[in-house]
Amino acid sequence: MIEIFSDISPVKVGHYQTILEEQGIATFLRNNNLSAVEVPIPKFYPALCIMNDEDHQKALTILQDIIKKEQTKISSPDINCPNCNEPNPATFETCWSCSSEL
Ligand SMILES: [Zn+2]
């Protein structure tokens, strides 16, 4: 198991997990049950890990692509989910709350 991404935001880590799972990469979330507010130490941030070491390079390539795209769209306004009306970052393709297509 290799950790490839961690962030103070569980929503962001979960979003990247969904993307990797959609690409057929088995993943695992570490520290997902801890609140970053209670434990504001990077070591305890939610961390996205991949189950199979051989997926490491593929997973990194996918994440780097996504992060690059997100940085170019960073000023985009939030999109409200058509299903549950929660605001989502413009870079999300599915709602973080209900998983509907945006
Ligand atoms: Zn929704």
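Begin by selecting L20, which lies in helix 1, where helices (H or I, at least four residues) and strands (E, at least two) are DSSP runs numbered from the N terminus. At 0% relative accessibility L20 counts as buried, a class that means under 20% relative accessible area, while exposed means over 50% and partly exposed lies in between, with a 1.4 Å probe and protein chains only. Add I62 to the selection and display the C-alpha atoms: those of L20 and I62 are separated by 7.5 Å, although the two residues are 42 residues apart along the chain.

Before going further, note that this is a predicted model, in which local features need pLDDT of at least 70 and side-chain atom pairs count only at pLDDT 80 or more, whereas totals for chains, interfaces and linings use all residues. Residues are numbered from 1 along each chain as its sequence is written, and side-chain values use heavy atoms, with hydrogens and water left out.

**The whole chain**

Switch to a cartoon view of the protein chain, which has 2 helices and 5 strands and follows the pattern β-α-β-β-α-β-β when read along the sequence. If you colour by accessibility, buried residues make up 33% of the 102 residues in the protein chain.

**The aromatic pair**

Next select F5 and Y16, since the structure holds 1 aromatic pair. F5 and Y16 form this pair in an edge-to-face arrangement, with 4.6 Å from centre to centre and 85 degrees between the planes. F5 lies in strand 1 (residues 2-6) and Y16 in helix 1 (residues 10-22), so the pair ties together parts that are 11 residues apart in sequence. For the term itself, rings of Phe, Tyr and Trp (its six-membered ring) pair if their centres lie within 6.5 Å, and planes under 30 degrees apart count as stacked, over 60 as edge-to-face and the rest as tilted. Both partners can be checked for cover: F5 counts as buried at 13% relative accessibility, and Y16 counts as buried at 1%.

**The salt bridges**

Stay with strand 1 and select E3 together with R30. The structure holds 2 salt bridges, each defined as a side-chain nitrogen of Lys or Arg within 4 Å of a carboxyl oxygen of Asp or Glu. R30 forms one with E3, the closest N and O atoms being 2.3 Å apart. R30 lies in strand 2 (residues 27-30) and E3 in strand 1, so this pair ties together parts that are 27 residues apart in sequence. R30 counts as partly exposed at 34% relative accessibility, and E3 counts as partly exposed at 38%.

Then move to D7 and K12, whose side chains meet in a salt bridge at 3.8 Å, N to O. Here D7 is buried, with a relative accessible area of 19%, whereas K12 is partly exposed, with a relative accessible area of 31%.

**The nonpolar patch**

Now turn on the surface and select M1, F28 and M51, which make a nonpolar surface patch of about 290 Å². Patches are made of residues with over 30% relative accessible area and no salt bridge, with like charges joined within 9 Å and nonpolar side chains (Val, Leu, Ile, Met, Phe, Trp, Tyr) within 5 Å; accessible areas come from the Shrake-Rupley method with a 1.4 Å probe, and for residues only the protein chains shown count as cover. M51 is placed in the loop between strand 3 (47-50) and helix 2 (56-72) and counts as partly exposed at 42% relative accessibility.

**The zinc site**

Centre the view on the zinc ion, whose protein donors are C81 (SG), C84 (SG), C95 (SG) and C98 (SG), lying 2.2 to 2.4 Å from it. Donors are N, O and S atoms within 2.8 Å of the metal (3.2 Å for Na, K and Ca), and water is not among the atoms, so sites may look incomplete. The donors of the zinc ion follow the spacing C-x2-C-x10-C-x2-C along the chain. The 4 donor atoms subtend angles of 106 to 114 degrees, which makes the arrangement tetrahedral, a label given to four donors if all angles lie between 85 and 135 degrees. Among the donor residues, C81 counts as buried at 2% relative accessibility, whereas C84 is partly exposed, with a relative accessible area of 31%.

**Two positive phi values**

Finish with the backbone, selecting N85 in the loop between strand 4 (79-80) and strand 5 (87-88). N85 has a positive phi of about 70 degrees although it is not a glycine, and N85 is exposed, with a relative accessible area of 54%. The last stop is S99, in the segment after strand 5, where phi is near 65 degrees, a positive value in a residue other than glycine; S99 counts as exposed at 56% relative accessibility.

Methods. Four donors count as tetrahedral if all angles lie between 85 and 135 degrees; four count as square planar and six as octahedral if opposite donors are over 155 degrees apart and all others between 65 and 115; anything else is irregular.
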